[in-house]
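Welcome! Here is a short guided look at a protein model, going from its overall plan to a few individual residues. Please keep the view open as you read.

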Amino acid sequence: MQKDKQITGRQLLSGLVLIILLSGCSSMDSVQRPQIDLPDRWAETAADTNDELADGWWQQFNSLILEQLVAEALAVSPDLAAASEKVIQAELQLRQNNASLFPSLNLSGSTSSRRSKPAHGSASTSESTNLSLGASYEVDLWGRIKANVSAAEAAASIARYDYAAARLSLVAAVAEAWFQSLTLKQRLQIAEENLVIAERVLRIVEARYRNGAATALDVSRQQVAVLNQRSALLPIQAQARQTLRALAILLGRTPQDLNFAEASLAQLHIPTVAAGLPAEILLRRPDLARAEAQLQAADANVAAARAELLPAISLSATAGAATAELLSLSNPVSSIGLTASLVQTLFDSGRRRAQVEITESRRRELVENYRKVILTALKEVEDSLGNTSRNQQQELMQREITAQAKRTLQLAELRYHEGADELLSVLDAQRSLFQAQDSLVQLRLARLSSTLELYKVLGGGWSLHTQQGTATP
(Lines give C-alpha, C1' and ligand atoms only; values in the text may rest on other atoms or scores of the structure.)
Protein backbone atom coordinates (compact mmCIF):
# COMPACT_ATOMS: atom_id res chain seq x y z
CA MET A 1 0.00 0.00 0.00
CA GLN A 2 2.84 2.38 0.85
CA LYS A 3 4.47 1.57 -2.50
CA ASP A 4 1.26 2.49 -4.36
CA LYS A 5 1.20 5.85 -2.61
CA GLN A 6 4.81 6.51 -3.60
CA ILE A 7 4.09 5.66 -7.25
CA THR A 8 1.06 7.93 -7.21
CA GLY A 9 3.16 10.80 -5.76
CA ARG A 10 5.84 10.34 -8.41
CA GLN A 11 3.23 10.30 -11.13
CA LEU A 12 1.70 13.47 -9.75
CA LEU A 13 5.10 15.20 -9.66
CA SER A 14 5.88 14.08 -13.20
CA GLY A 15 2.54 15.34 -14.38
CA LEU A 16 3.10 18.74 -12.80
CA VAL A 17 6.54 19.03 -14.42
CA LEU A 18 5.05 18.09 -17.79
CA ILE A 19 2.36 20.74 -17.41
CA ILE A 20 4.96 23.42 -16.66
CA LEU A 21 7.04 22.41 -19.68
CA LEU A 22 4.03 22.44 -21.96
CA SER A 23 3.05 25.90 -20.73
CA GLY A 24 6.29 27.27 -22.14
CA CYS A 25 5.66 25.75 -25.56
CA SER A 26 2.36 27.49 -26.32
CA SER A 27 2.37 29.79 -29.34
CA MET A 28 0.08 32.11 -31.22
CA ASP A 29 -0.88 32.26 -34.84
CA SER A 30 1.32 34.39 -37.06
CA VAL A 31 0.28 37.97 -37.84
CA GLN A 32 -2.20 38.19 -40.71
CA ARG A 33 -1.10 41.01 -43.01
CA PRO A 34 -3.09 42.47 -45.90
CA GLN A 35 -2.11 41.42 -49.39
CA ILE A 36 -1.19 44.47 -51.48
CA ASP A 37 0.78 44.45 -54.72
CA LEU A 38 3.18 47.36 -54.28
CA PRO A 39 4.27 49.17 -57.47
CA ASP A 40 7.83 48.88 -58.72
CA ARG A 41 8.29 52.64 -58.97
CA TRP A 42 6.53 55.93 -58.28
CA ALA A 43 4.16 57.31 -60.91
CA GLU A 44 5.27 60.90 -60.22
CA THR A 45 8.75 62.02 -61.16
CA ALA A 46 11.15 61.32 -58.29
CA ALA A 47 14.49 63.04 -57.77
CA ASP A 48 17.44 61.28 -59.34
CA THR A 49 19.74 61.01 -56.32
CA ASN A 50 21.49 58.26 -54.41
CA ASP A 51 21.27 60.12 -51.11
CA GLU A 52 19.47 58.27 -48.33
CA LEU A 53 17.13 59.78 -45.81
CA ALA A 54 18.73 60.10 -42.43
CA ASP A 55 17.82 61.46 -39.03
CA GLY A 56 18.75 65.12 -38.95
CA TRP A 57 17.23 65.78 -42.39
CA TRP A 58 16.29 69.33 -41.35
CA GLN A 59 19.97 70.23 -41.47
CA GLN A 60 19.77 69.97 -45.27
CA PHE A 61 18.01 73.36 -45.35
CA ASN A 62 21.30 74.98 -44.26
CA SER A 63 19.79 77.08 -41.48
CA LEU A 64 21.60 77.23 -38.15
CA ILE A 65 18.60 78.90 -36.58
CA LEU A 66 16.33 76.06 -37.70
CA GLU A 67 18.75 73.52 -36.24
CA GLN A 68 18.72 75.39 -32.92
CA LEU A 69 14.93 75.57 -32.91
CA VAL A 70 14.58 71.85 -33.61
CA ALA A 71 17.09 70.97 -30.90
CA GLU A 72 15.19 73.12 -28.42
CA ALA A 73 11.84 71.63 -29.38
CA LEU A 74 13.12 68.07 -29.07
CA ALA A 75 14.48 68.87 -25.62
CA VAL A 76 11.54 70.70 -24.04
CA SER A 77 8.41 70.19 -26.16
CA PRO A 78 5.42 69.30 -23.92
CA ASP A 79 3.91 67.09 -26.61
CA LEU A 80 7.08 65.05 -27.05
CA ALA A 81 7.57 64.77 -23.29
CA ALA A 82 4.01 63.44 -22.96
CA ALA A 83 4.65 60.89 -25.73
CA SER A 84 7.83 59.81 -23.93
CA GLU A 85 5.87 59.22 -20.72
CA LYS A 86 3.44 57.02 -22.63
CA VAL A 87 6.38 54.87 -23.75
CA ILE A 88 7.51 54.55 -20.13
CA GLN A 89 4.01 53.57 -19.04
CA ALA A 90 3.75 50.92 -21.76
CA GLU A 91 7.11 49.41 -20.83
CA LEU A 92 6.16 49.33 -17.15
CA GLN A 93 2.91 47.60 -18.12
CA LEU A 94 4.96 45.05 -20.05
CA ARG A 95 7.14 44.47 -17.00
CA GLN A 96 4.00 43.96 -14.92
CA ASN A 97 2.62 41.40 -17.37
CA ASN A 98 5.94 39.58 -17.52
CA ALA A 99 5.75 39.10 -13.77
CA SER A 100 2.69 36.89 -14.29
CA LEU A 101 4.91 34.22 -15.88
CA PHE A 102 6.71 33.59 -12.59
CA PRO A 103 5.53 32.26 -9.22
CA SER A 104 4.56 34.71 -6.52
CA LEU A 105 5.85 34.41 -2.96
CA ASN A 106 4.12 35.74 0.15
CA LEU A 107 5.55 35.97 3.66
CA SER A 108 3.27 36.66 6.58
CA GLY A 109 3.76 36.67 10.31
CA SER A 110 1.80 37.62 13.38
CA THR A 111 2.04 37.59 17.13
CA SER A 112 -0.73 38.26 19.61
CA SER A 113 -1.56 38.23 23.28
CA ARG A 114 -5.11 37.94 24.54
CA ARG A 115 -6.44 38.14 28.09
CA SER A 116 -10.01 37.14 28.91
CA LYS A 117 -11.91 37.13 32.19
CA PRO A 118 -15.38 35.58 32.46
CA ALA A 119 -17.98 37.05 34.82
CA HIS A 120 -17.61 34.22 37.30
CA GLY A 121 -14.13 32.85 37.03
CA SER A 122 -10.47 33.65 36.94
CA ALA A 123 -8.72 35.53 34.10
CA SER A 124 -6.76 33.65 31.47
CA THR A 125 -4.11 34.75 29.00
CA SER A 126 -3.37 33.23 25.62
CA GLU A 127 -0.41 34.01 23.43
CA SER A 128 0.53 32.94 19.91
CA THR A 129 3.15 33.58 17.26
CA ASN A 130 3.15 32.25 13.71
CA LEU A 131 5.18 32.69 10.54
CA SER A 132 4.18 31.36 7.12
CA LEU A 133 5.56 31.35 3.61
CA GLY A 134 3.29 30.80 0.61
CA ALA A 135 3.96 30.33 -3.08
CA SER A 136 1.46 30.27 -5.94
CA TYR A 137 1.84 29.70 -9.66
CA GLU A 138 -0.68 29.59 -12.48
CA VAL A 139 0.35 27.04 -15.07
CA ASP A 140 0.09 28.68 -18.48
CA LEU A 141 -0.78 25.44 -20.24
CA TRP A 142 -2.89 27.10 -22.96
CA GLY A 143 -0.74 30.21 -23.44
CA ARG A 144 -3.17 32.76 -22.02
CA ILE A 145 -0.60 34.56 -19.86
CA LYS A 146 1.99 34.44 -22.62
CA ALA A 147 -0.56 35.93 -25.01
CA ASN A 148 -1.19 38.78 -22.57
CA VAL A 149 2.56 39.40 -22.43
CA SER A 150 2.70 39.44 -26.23
CA ALA A 151 -0.13 41.96 -26.29
CA ALA A 152 1.78 44.13 -23.81
CA GLU A 153 4.92 43.86 -25.96
CA ALA A 154 2.92 45.05 -28.97
CA ALA A 155 1.46 47.90 -26.90
CA ALA A 156 4.98 48.96 -25.92
CA SER A 157 5.99 48.91 -29.59
CA ILE A 158 2.94 51.00 -30.47
CA ALA A 159 3.95 53.58 -27.86
CA ARG A 160 7.48 53.74 -29.31
CA TYR A 161 6.12 54.17 -32.84
CA ASP A 162 3.78 56.89 -31.59
CA TYR A 163 6.78 58.64 -30.05
CA ALA A 164 8.67 58.43 -33.35
CA ALA A 165 5.65 59.81 -35.22
CA ALA A 166 5.25 62.61 -32.68
CA ARG A 167 8.94 63.48 -32.99
CA LEU A 168 8.70 63.60 -36.78
CA SER A 169 5.55 65.73 -36.66
CA LEU A 170 7.15 68.08 -34.12
CA VAL A 171 10.24 68.68 -36.25
CA ALA A 172 8.11 69.26 -39.35
CA ALA A 173 5.81 71.63 -37.45
CA VAL A 174 8.76 73.65 -36.12
CA ALA A 175 10.29 73.91 -39.58
CA GLU A 176 6.93 74.82 -41.15
CA ALA A 177 6.31 77.55 -38.55
CA TRP A 178 9.82 78.91 -39.06
CA PHE A 179 9.43 78.96 -42.83
CA GLN A 180 6.06 80.70 -42.52
CA SER A 181 7.60 83.27 -40.20
CA LEU A 182 10.35 84.05 -42.70
CA THR A 183 7.79 84.18 -45.52
CA LEU A 184 5.57 86.63 -43.69
CA LYS A 185 8.58 88.73 -42.87
CA GLN A 186 9.52 88.92 -46.54
CA ARG A 187 5.92 89.57 -47.61
CA LEU A 188 5.82 92.42 -45.14
CA GLN A 189 9.04 93.81 -46.57
CA ILE A 190 7.62 93.60 -50.11
CA ALA A 191 4.43 95.34 -49.01
CA GLU A 192 6.47 98.12 -47.38
CA GLU A 193 8.57 98.52 -50.54
CA ASN A 194 5.42 98.76 -52.64
CA LEU A 195 4.07 101.35 -50.23
CA VAL A 196 7.22 103.39 -50.82
CA ILE A 197 6.68 103.07 -54.59
CA ALA A 198 3.04 104.12 -54.27
CA GLU A 199 3.99 107.15 -52.17
CA ARG A 200 6.67 108.11 -54.70
CA VAL A 201 4.17 107.95 -57.54
CA LEU A 202 1.74 109.99 -55.43
CA ARG A 203 4.32 112.75 -55.13
CA ILE A 204 4.79 112.71 -58.91
CA VAL A 205 1.03 112.91 -59.47
CA GLU A 206 0.67 115.76 -56.99
CA ALA A 207 3.52 117.64 -58.71
CA ARG A 208 1.88 117.16 -62.09
CA TYR A 209 -1.44 118.27 -60.63
CA ARG A 210 0.10 121.48 -59.33
CA ASN A 211 1.51 122.13 -62.80
CA GLY A 212 -1.83 121.39 -64.44
CA ALA A 213 -0.64 118.18 -66.14
CA ALA A 214 -2.81 115.86 -64.00
CA THR A 215 -6.37 115.91 -62.73
CA ALA A 216 -7.76 115.74 -59.21
CA LEU A 217 -9.08 112.30 -60.15
CA ASP A 218 -5.53 111.13 -60.76
CA VAL A 219 -4.48 112.38 -57.33
CA SER A 220 -7.47 110.68 -55.69
CA ARG A 221 -6.77 107.37 -57.43
CA GLN A 222 -3.15 107.34 -56.31
CA GLN A 223 -4.14 108.27 -52.76
CA VAL A 224 -6.45 105.24 -52.74
CA ALA A 225 -3.55 103.10 -53.98
CA VAL A 226 -1.37 104.35 -51.10
CA LEU A 227 -4.10 103.66 -48.55
CA ASN A 228 -4.62 100.15 -49.96
CA GLN A 229 -0.92 99.43 -49.58
CA ARG A 230 -0.93 100.65 -45.98
CA SER A 231 -4.00 98.54 -45.27
CA ALA A 232 -2.31 95.47 -46.78
CA LEU A 233 0.40 95.69 -44.12
CA LEU A 234 -1.97 95.11 -41.19
CA PRO A 235 -3.07 91.46 -41.78
CA ILE A 236 0.47 90.42 -42.65
CA GLN A 237 1.80 91.96 -39.43
CA ALA A 238 -0.88 90.23 -37.37
CA GLN A 239 -0.29 86.88 -39.05
CA ALA A 240 3.46 87.20 -38.48
CA ARG A 241 2.94 87.76 -34.74
CA GLN A 242 0.51 84.83 -34.50
CA THR A 243 2.92 82.52 -36.32
CA LEU A 244 5.68 83.35 -33.85
CA ARG A 245 3.34 82.61 -30.95
CA ALA A 246 2.46 79.23 -32.45
CA LEU A 247 6.16 78.49 -32.81
CA ALA A 248 6.70 79.44 -29.17
CA ILE A 249 4.19 76.79 -28.09
CA LEU A 250 6.07 74.14 -30.08
CA LEU A 251 9.26 75.19 -28.28
CA GLY A 252 7.63 75.09 -24.86
CA ARG A 253 8.07 78.83 -24.38
CA THR A 254 5.63 81.53 -23.41
CA PRO A 255 4.26 83.26 -26.54
CA GLN A 256 5.49 86.62 -25.25
CA ASP A 257 9.13 85.53 -25.04
CA LEU A 258 10.35 84.77 -28.54
CA ASN A 259 13.02 86.66 -30.43
CA PHE A 260 15.20 85.50 -33.31
CA ALA A 261 18.30 86.67 -35.05
CA GLU A 262 17.93 88.16 -38.51
CA ALA A 263 17.31 85.55 -41.21
CA SER A 264 16.09 85.54 -44.79
CA LEU A 265 13.89 83.20 -46.76
CA ALA A 266 16.26 83.45 -49.71
CA GLN A 267 19.12 82.06 -47.60
CA LEU A 268 17.38 78.71 -47.16
CA HIS A 269 18.50 75.83 -49.31
CA ILE A 270 15.81 73.54 -50.72
CA PRO A 271 17.29 70.03 -50.70
CA THR A 272 16.64 67.21 -53.11
CA VAL A 273 14.84 64.33 -51.39
CA ALA A 274 15.47 60.68 -52.33
CA ALA A 275 12.10 58.91 -52.49
CA GLY A 276 13.48 55.36 -52.73
CA LEU A 277 11.23 52.50 -53.82
CA PRO A 278 7.54 52.12 -52.94
CA ALA A 279 8.20 48.80 -51.17
CA GLU A 280 10.62 50.53 -48.79
CA ILE A 281 7.85 52.72 -47.40
CA LEU A 282 6.62 49.82 -45.22
CA LEU A 283 9.82 49.96 -43.18
CA ARG A 284 10.28 53.74 -43.16
CA ARG A 285 7.10 55.09 -41.60
CA PRO A 286 6.24 54.75 -37.89
CA ASP A 287 2.49 54.86 -38.57
CA LEU A 288 2.76 51.74 -40.76
CA ALA A 289 4.83 50.01 -38.08
CA ARG A 290 2.16 51.01 -35.57
CA ALA A 291 -0.58 49.44 -37.69
CA GLU A 292 1.35 46.17 -37.82
CA ALA A 293 1.96 46.26 -34.08
CA GLN A 294 -1.79 46.66 -33.60
CA LEU A 295 -2.25 43.45 -35.59
CA GLN A 296 0.23 41.69 -33.32
CA ALA A 297 -1.68 42.89 -30.26
CA ALA A 298 -4.96 41.75 -31.83
CA ASP A 299 -3.55 38.28 -32.51
CA ALA A 300 -2.40 38.06 -28.91
CA ASN A 301 -5.82 39.12 -27.67
CA VAL A 302 -7.46 36.43 -29.81
CA ALA A 303 -5.12 33.79 -28.37
CA ALA A 304 -5.85 34.97 -24.82
CA ALA A 305 -9.61 34.93 -25.42
CA ARG A 306 -9.45 31.38 -26.84
CA ALA A 307 -7.38 30.23 -23.86
CA GLU A 308 -10.09 31.54 -21.52
CA LEU A 309 -12.34 28.76 -22.85
CA LEU A 310 -10.01 26.09 -21.42
CA PRO A 311 -9.44 25.00 -17.81
CA ALA A 312 -7.20 27.06 -15.54
CA ILE A 313 -4.56 25.13 -13.60
CA SER A 314 -2.79 26.57 -10.58
CA LEU A 315 -0.29 25.31 -8.01
CA SER A 316 0.22 26.58 -4.48
CA ALA A 317 2.43 25.62 -1.56
CA THR A 318 2.55 26.83 2.02
CA ALA A 319 4.94 26.29 4.90
CA GLY A 320 4.51 27.68 8.38
CA ALA A 321 5.53 27.52 12.01
CA ALA A 322 3.43 28.46 15.02
CA THR A 323 3.92 28.54 18.84
CA ALA A 324 1.82 29.41 21.84
CA GLU A 325 4.28 32.09 22.93
CA LEU A 326 4.57 35.84 22.36
CA LEU A 327 7.37 37.06 20.04
CA SER A 328 8.99 33.67 19.99
CA LEU A 329 9.12 30.64 17.73
CA SER A 330 10.61 28.24 20.23
CA ASN A 331 9.30 24.69 20.00
CA PRO A 332 7.14 25.52 16.97
CA VAL A 333 4.50 23.40 15.35
CA SER A 334 5.42 23.15 11.65
CA SER A 335 3.04 22.68 8.74
CA ILE A 336 3.51 22.15 4.99
CA GLY A 337 0.80 22.17 2.33
CA LEU A 338 0.74 21.57 -1.43
CA THR A 339 -2.32 22.21 -3.57
CA ALA A 340 -3.05 21.74 -7.25
CA SER A 341 -6.35 23.08 -8.56
CA LEU A 342 -8.20 22.97 -11.86
CA VAL A 343 -11.07 25.32 -12.66
CA GLN A 344 -13.34 25.03 -15.71
CA THR A 345 -16.38 27.17 -16.32
CA LEU A 346 -19.21 24.94 -17.45
CA PHE A 347 -21.81 27.56 -18.34
CA ASP A 348 -21.57 31.34 -18.81
CA SER A 349 -24.37 31.96 -21.36
CA GLY A 350 -21.82 32.24 -24.18
CA ARG A 351 -19.98 35.25 -22.69
CA ARG A 352 -16.45 33.96 -23.30
CA ARG A 353 -17.31 32.58 -26.73
CA ALA A 354 -18.68 36.00 -27.68
CA GLN A 355 -15.45 37.58 -26.43
CA VAL A 356 -13.47 35.34 -28.77
CA GLU A 357 -15.62 36.38 -31.71
CA ILE A 358 -15.23 40.05 -30.74
CA THR A 359 -11.43 39.79 -30.71
CA GLU A 360 -11.44 37.93 -34.03
CA SER A 361 -13.64 40.62 -35.59
CA ARG A 362 -11.35 43.30 -34.16
CA ARG A 363 -8.39 41.61 -35.80
CA ARG A 364 -10.12 41.54 -39.18
CA GLU A 365 -10.96 45.23 -38.74
CA LEU A 366 -7.30 46.06 -38.05
CA VAL A 367 -6.21 44.12 -41.14
CA GLU A 368 -8.44 46.35 -43.26
CA ASN A 369 -7.22 49.45 -41.42
CA TYR A 370 -3.64 48.39 -42.12
CA ARG A 371 -4.49 48.01 -45.80
CA LYS A 372 -5.92 51.53 -45.87
CA VAL A 373 -2.88 52.97 -44.07
CA ILE A 374 -0.57 51.45 -46.68
CA LEU A 375 -2.65 52.76 -49.57
CA THR A 376 -2.84 56.20 -47.94
CA ALA A 377 0.93 56.26 -47.45
CA LEU A 378 1.49 55.48 -51.14
CA LYS A 379 -0.92 58.26 -52.11
CA GLU A 380 0.76 60.77 -49.78
CA VAL A 381 4.18 60.10 -51.28
CA GLU A 382 2.85 60.40 -54.83
CA ASP A 383 1.09 63.68 -53.97
CA SER A 384 4.19 65.10 -52.30
CA LEU A 385 6.39 64.17 -55.25
CA GLY A 386 3.94 65.83 -57.61
CA ASN A 387 3.65 68.96 -55.45
CA THR A 388 7.42 69.26 -55.12
CA SER A 389 7.94 69.08 -58.88
CA ARG A 390 5.05 71.41 -59.72
CA ASN A 391 6.02 74.05 -57.14
CA GLN A 392 9.57 74.11 -58.45
CA GLN A 393 8.38 74.74 -61.99
CA GLN A 394 5.90 77.39 -60.86
CA GLU A 395 8.58 79.24 -58.89
CA LEU A 396 10.84 79.39 -61.95
CA MET A 397 8.02 80.81 -64.07
CA GLN A 398 6.99 83.24 -61.35
CA ARG A 399 10.52 84.64 -61.21
CA GLU A 400 10.25 85.53 -64.89
CA ILE A 401 6.81 87.07 -64.31
CA THR A 402 8.16 89.17 -61.42
CA ALA A 403 11.11 90.40 -63.47
CA GLN A 404 8.78 91.46 -66.30
CA ALA A 405 6.37 93.14 -63.85
CA LYS A 406 9.21 95.17 -62.37
CA ARG A 407 10.33 96.29 -65.82
CA THR A 408 6.74 97.15 -66.76
CA LEU A 409 6.38 99.42 -63.72
CA GLN A 410 9.62 101.22 -64.50
CA LEU A 411 8.48 101.88 -68.08
CA ALA A 412 4.98 102.94 -66.94
CA GLU A 413 6.41 105.42 -64.44
CA LEU A 414 8.77 106.84 -67.05
CA ARG A 415 6.02 107.24 -69.67
CA TYR A 416 3.68 108.83 -67.14
CA HIS A 417 6.41 111.21 -65.93
CA GLU A 418 6.94 112.28 -69.56
CA GLY A 419 3.20 112.60 -70.16
CA ALA A 420 3.10 109.80 -72.71
CA ASP A 421 0.68 107.59 -70.74
CA GLU A 422 -2.14 107.80 -68.20
CA LEU A 423 -1.97 107.12 -64.48
CA LEU A 424 -4.09 103.98 -64.86
CA SER A 425 -1.15 102.28 -66.57
CA VAL A 426 1.04 103.04 -63.57
CA LEU A 427 -1.61 101.78 -61.13
CA ASP A 428 -2.01 98.53 -63.05
CA ALA A 429 1.76 98.05 -63.15
CA GLN A 430 1.98 98.66 -59.40
CA ARG A 431 -0.67 96.06 -58.62
CA SER A 432 0.89 93.56 -61.00
CA LEU A 433 4.32 93.95 -59.44
CA PHE A 434 3.04 93.63 -55.89
CA GLN A 435 1.01 90.53 -56.74
CA ALA A 436 3.93 88.99 -58.65
CA GLN A 437 6.38 89.57 -55.81
CA ASP A 438 3.93 88.31 -53.18
CA SER A 439 3.13 85.22 -55.26
CA LEU A 440 6.84 84.51 -55.72
CA VAL A 441 7.43 84.52 -51.97
CA GLN A 442 4.41 82.29 -51.36
CA LEU A 443 5.59 79.86 -54.04
CA ARG A 444 8.95 79.74 -52.31
CA LEU A 445 7.12 78.78 -49.14
CA ALA A 446 5.11 76.20 -51.09
CA ARG A 447 8.36 74.60 -52.29
CA LEU A 448 9.72 74.50 -48.76
CA SER A 449 6.44 73.10 -47.41
CA SER A 450 6.19 70.40 -50.09
CA THR A 451 9.78 69.38 -49.40
CA LEU A 452 8.96 69.20 -45.70
CA GLU A 453 5.89 67.12 -46.43
CA LEU A 454 7.91 64.77 -48.63
CA TYR A 455 10.42 64.25 -45.83
CA LYS A 456 7.53 63.57 -43.47
CA VAL A 457 5.58 61.10 -45.64
CA LEU A 458 8.81 59.21 -46.36
CA GLY A 459 9.38 58.76 -42.62
CA GLY A 460 12.04 61.42 -42.09
CA GLY A 461 14.90 58.95 -42.00
CA TRP A 462 13.14 56.70 -39.47
CA SER A 463 13.60 52.96 -39.95
CA LEU A 464 11.84 49.99 -38.39
CA HIS A 465 15.15 48.15 -38.02
CA THR A 466 16.71 51.17 -36.29
CA GLN A 467 13.72 51.52 -33.95
CA GLN A 468 13.89 47.88 -32.89
CA GLY A 469 17.47 48.41 -31.79
CA THR A 470 16.78 51.49 -29.67
CA ALA A 471 15.81 51.84 -26.05
CA THR A 472 13.22 54.05 -24.40
CA PRO A 473 13.44 57.65 -25.68
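## The overall plan

Helices (H or I, at least four residues) and strands (E, at least two) are DSSP runs, numbered from the N terminus. With that in hand, the protein can be described as nine helices and four strands. Please bear in mind that this is a predicted model.

Starting at the N terminus, the elements follow the order α-α-α-β-β-α-α-α-β-β-α-α-α. The protein has 473 residues, and 37% of them count as buried.

## The four-stranded sheet

Let us begin with the strands. In what order do the four strands form the open sheet? The order is β1-β2-β3-β4, and the pairing is antiparallel. Strands β1 (104–116) and β4 (333–343) stand at the edges with a single partner strand each, so each has one side without a neighbour in the sheet. From one strand to the next, the twist averages 15°. As general background, strands of a sheet pair through backbone hydrogen bonds, either parallel or antiparallel.

It is worth following the pairs across the sheet. Strand β2 (residues 124–139) pairs with strand β3 (residues 312–323) in the antiparallel sense, over 11 bridges. Here you can find Gly134 opposite Thr318 in β3, and Ser136 opposite Ser316 in β3. Strands β3 and β4 also pair in the antiparallel sense, over 11 bridges. In that pairing, Ala319 stands opposite Ile336 in β4, while Ala322 has Val333 in β4 as its bridge partner.

How many of the 11 residues of β4 are buried? The count is zero, and β4 is hardly covered.

## Two helices that cross

Now turn to the helices. Helix α2 (residues 64–76) packs against α4 at an angle of about 140°, and their axes are 10 Å apart. Angles over 145 degrees would count as roughly antiparallel, and α2 and α4 are therefore oblique to each other. The crossing in which α2 passes α4 is right-handed.

## Aromatic rings and a charge

Next, look for the rings. The structure holds five aromatic pairs. One of the aromatic pairs is formed by Tyr161 and Trp462, which meet edge-to-face, at 5.9 Å centre to centre and with 85° between the planes. Tyr161 belongs to helix α4 (residues 144–210) and Trp462 to the loop between α8 (423–457) and α9 (464–468), so this pair ties together parts that are 301 residues apart in sequence. Are Tyr161 and Trp462 buried or exposed? Both Tyr161 and Trp462 are buried.

Ring pairs also link a cluster, made of Trp57, Trp58, Phe61, Phe179 and Tyr455. Elsewhere, a ring has a charge for company: the charged end of Arg208 sits over the ring of Tyr416, 4.6 Å from its centre.

## Two loop residues with positive phi

Some backbone angles deserve a look too. Most residues other than glycine have a negative phi, and most peptide bonds are trans. Against that background, Asn62 has a positive phi of about 55° although it is not a glycine. Asn62 lies in the loop between α1 (2–23) and α2. Asn62 is also exposed, with a relative accessible area of 53%, where the cut-off for exposed is over 50%.

Ser349 is another residue to visit. Its phi is near 60°, a positive value in a residue other than glycine. You will find Ser349 in the loop between β4 and α7 (351–417). The relative accessible area of Ser349 is 61%, so Ser349 counts as exposed.

## A buried leucine in α8

For a final stop, go to Leu433, which is found in helix α8. Its relative accessible area is 3%, so Leu433 is buried. Which residue, 27 residues apart from Leu433 along the chain, has its C-alpha atom 5.8 Å from that of Leu433? That residue is Lys406.

Key: Residues are numbered from 1 along each chain as its sequence is written. This is a predicted model: local features need pLDDT of at least 70, side-chain atom pairs count only at pLDDT 80 or more; totals for chains, interfaces and linings use all residues. Side-chain values use heavy atoms; hydrogens and water are left out. Two strands pair if DSSP finds at least two bridges between them. Axes are lines fitted to C-alpha atoms, for helices over the stretch in contact, and angles run from 0 to 180 degrees between N-to-C directions. Rings of Phe, Tyr and Trp (its six-membered ring) pair if their centres lie within 6.5 Å; planes under 30 degrees apart count as stacked, over 60 as edge-to-face and the rest as tilted. Buried means under 20% relative accessible area, exposed over 50%, partly exposed in between (1.4 Å probe, protein chains only). A charge sits over a ring if NZ of Lys or CZ of Arg is within 6 Å of the ring centre and within 35 degrees of the ring normal. Angles under 35 degrees count as roughly parallel, over 145 as roughly antiparallel, 65 to 115 as roughly perpendicular and the rest as oblique. A crossing is left-handed if the near helix is turned anticlockwise from the far one by less than a right angle, and right-handed if clockwise.
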